[in-house]
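Open the model in your viewer and keep the sequence panel beside it. We will go from one selection to the next and look at what is there.

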Amino acid sequence: MRFADFDLDGIEMSFATCIARLEASVADVPPGWHSIYLDCVQDLRGVENAERALVEVGVPTVHRGRLLIEQLPTAHSQPDAVVQGILRKLAARSVCTCQLCGKPGWLRSGQSHPGTYCADCWTPRALRSEISDWLDRMNQEKEFKAAHPVVLWDALGVGFKAVVPDDALHTLQAAGRTLLCITAERFLQLREQLKLLKATVDEQVALLDASEYRWHH
Ligand SMILES: [Zn+2]
């Protein structure tokens with residue numbers, strides 16, 4: 001029989017073996033989630049018994065900012081409510097725990113780094129993506145002026161606001177409200193400053209990325 005003739009799906013693993021495999025897989029889990037992951041493995045270990053000998057669970061995966069382990073359907077085991085409860089708890093804890101540092105975090109959507117992060121781990125990434133976005137638009141000066149005769153202060157992120165000097169701000173009356181804004185002309189003059197800020201933020205993000213490069217999904 002050639003190797004390819006084996007039906008790997010038919011090979012069953014015991015619950016204990018699956019748990020041992022999870023224990024050995026901790027390095028595959030983003031660092032901020034290690035603690036909740038190990039709690040989960042310990043809980044699984046705690047409910048291991050003869051009745052569950054044939055329950056199979058998979059390896060950890062990251063999906064849309066959640067850390068997931070699934071009970072695998074097998075011919076000899078039914079969905080186990082206790083095991084599934086433990087696995088659901090892990091997923092629920094992961095969506096409110098920063099995957100990088102373990103502090104309270106929440107799901108962030110972003111162009112390049114969707115995931116669950118705390119403010120400290122997310123802010124440099126959000127700022128970088130905001131600066132890149134504006135710099136791209138500013139490349140076409142004429143189009144930029146046409147599209148943004150003024151840039152509204154409220155439309156800028158916190159980190160971005162820091163590079164706008166006070167004397168660049170004007171007020172604008174709109175629908176009975178006074179809004180702060182920057183003219184397109186003045187905004188375009190901030191380009192070199194933005195490039196410098198971007199270089200700094202790029203470095204920060206590169207450091208963060210280096211610690212989690214394997215978990216980009
Ligand atoms: Zn964090």
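Which residues in α2 meet which residues in α3? Select both helices in this predicted model and show their side chains. From α2 come Ile 36, Tyr 37, Cys 40, Asp 43 and Leu 44, and they meet Val 83, Ile 86, Leu 90, Arg 93 and Ser 94 of α3. Now look at how the pair is arranged: the axes are 10 Å apart, and the packing angle is about 175 degrees. The two helices are therefore roughly antiparallel to each other, since an angle over 145 degrees counts as such.

**Stop 1: α2 by itself**

Select residues 34-46. This helix has 13 residues, which at 1.5 Å a residue should span 18 Å, and the distance between its end C-alpha atoms, 18 Å, agrees. Colour Tyr 37, Cys 40, Val 41 and Leu 44, the buried residues of α2. Then look down the helix axis: these buried residues fall within an arc of 100 degrees, so they line one face of the helix. Gln 42 and Gly 46, on the other side, are exposed. To see what covers the buried residues, add α1 (15-24), β3 (66-68) and α3 (81-94), which are among the elements that do so.

**Stop 2: Ile 36**

Stay in helix α2 and pick Ile 36. Is Ile 36 buried or partly exposed? Ile 36 has 19 C-beta neighbours inside 10 Å, so it counts as partly exposed; a residue is buried at 20 or more. Beyond its neighbours within four places in sequence, the contacts of Ile 36 are Leu 90, Arg 93, Ser 94 and Thr 97. Try a distance label to Ala 91 as well: Ile 36 and Ala 91 are 55 residues apart in sequence, yet their C-alpha atoms are 9.4 Å apart in space.

**Stop 3: α4**

Next, select residues 119-138, helix α4. From first C-alpha to last, its 20 residues reach 28 Å, close to the 28 Å expected at 1.5 Å a residue. Highlight its buried residues: Cys 121, Trp 122, Arg 125, Ala 126, Leu 127, Arg 128, Glu 130 and Ile 131. Their cover includes β5 (106-108), β6 (115-117), α6 (158-161) and α8 (191-210).

**Stop 4: a sheet of three strands**

Switch to a cartoon view and find the open sheet with the order β7-β9-β8, where the pairing is antiparallel. At its edges stand β7 (150-152) and β8 (170-174); each has a single partner strand, so one side of each is left without a neighbour in the sheet. Neighbouring strands here are turned by 50 degrees against each other on average, direction ignored.

Zoom in on β8 and β9 (residues 177-183), an antiparallel pair joined by five bridges. Thr 171 stands opposite Leu 180 in β9. Follow the hairpin of β8 and β9 through the two residues between the strands, and you will meet Ala 175, which takes a positive phi near 50 degrees. How many of the five residues of β8 are buried? The count is zero, and β8 is hardly covered.

**Last stop: the whole chain**

Zoom out and show the full protein chain, with its eight helices and nine strands. Of its 217 residues, 20% count as buried. Among contacts between residues at least 6 apart in sequence, 59% join residues at least 24 apart.

Key. Residues are numbered from 1 along each chain as its sequence is written. This is a predicted model: local features need pLDDT of at least 70, side-chain atom pairs count only at pLDDT 80 or more; totals for chains, interfaces and linings use all residues. Helices (H or I, at least four residues) and strands (E, at least two) are DSSP runs, numbered from the N terminus. The expected span of a helix is 1.5 Å times one less than its number of residues. A residue is buried if 20 or more other C-beta atoms lie within 10 Å of its own, exposed if 12 or fewer, and partly exposed in between; C-beta atoms are placed from the backbone. The arc is that of the directions from the helix axis to the C-beta atoms. Two residues are in contact if their C-beta atoms, placed from the backbone, lie within 7 Å. Two strands pair if DSSP finds at least two bridges between them. Axes are lines fitted to C-alpha atoms, for helices over the stretch in contact, and angles run from 0 to 180 degrees between N-to-C directions. Angles under 35 degrees count as roughly parallel, over 145 as roughly antiparallel, 65 to 115 as roughly perpendicular and the rest as oblique.
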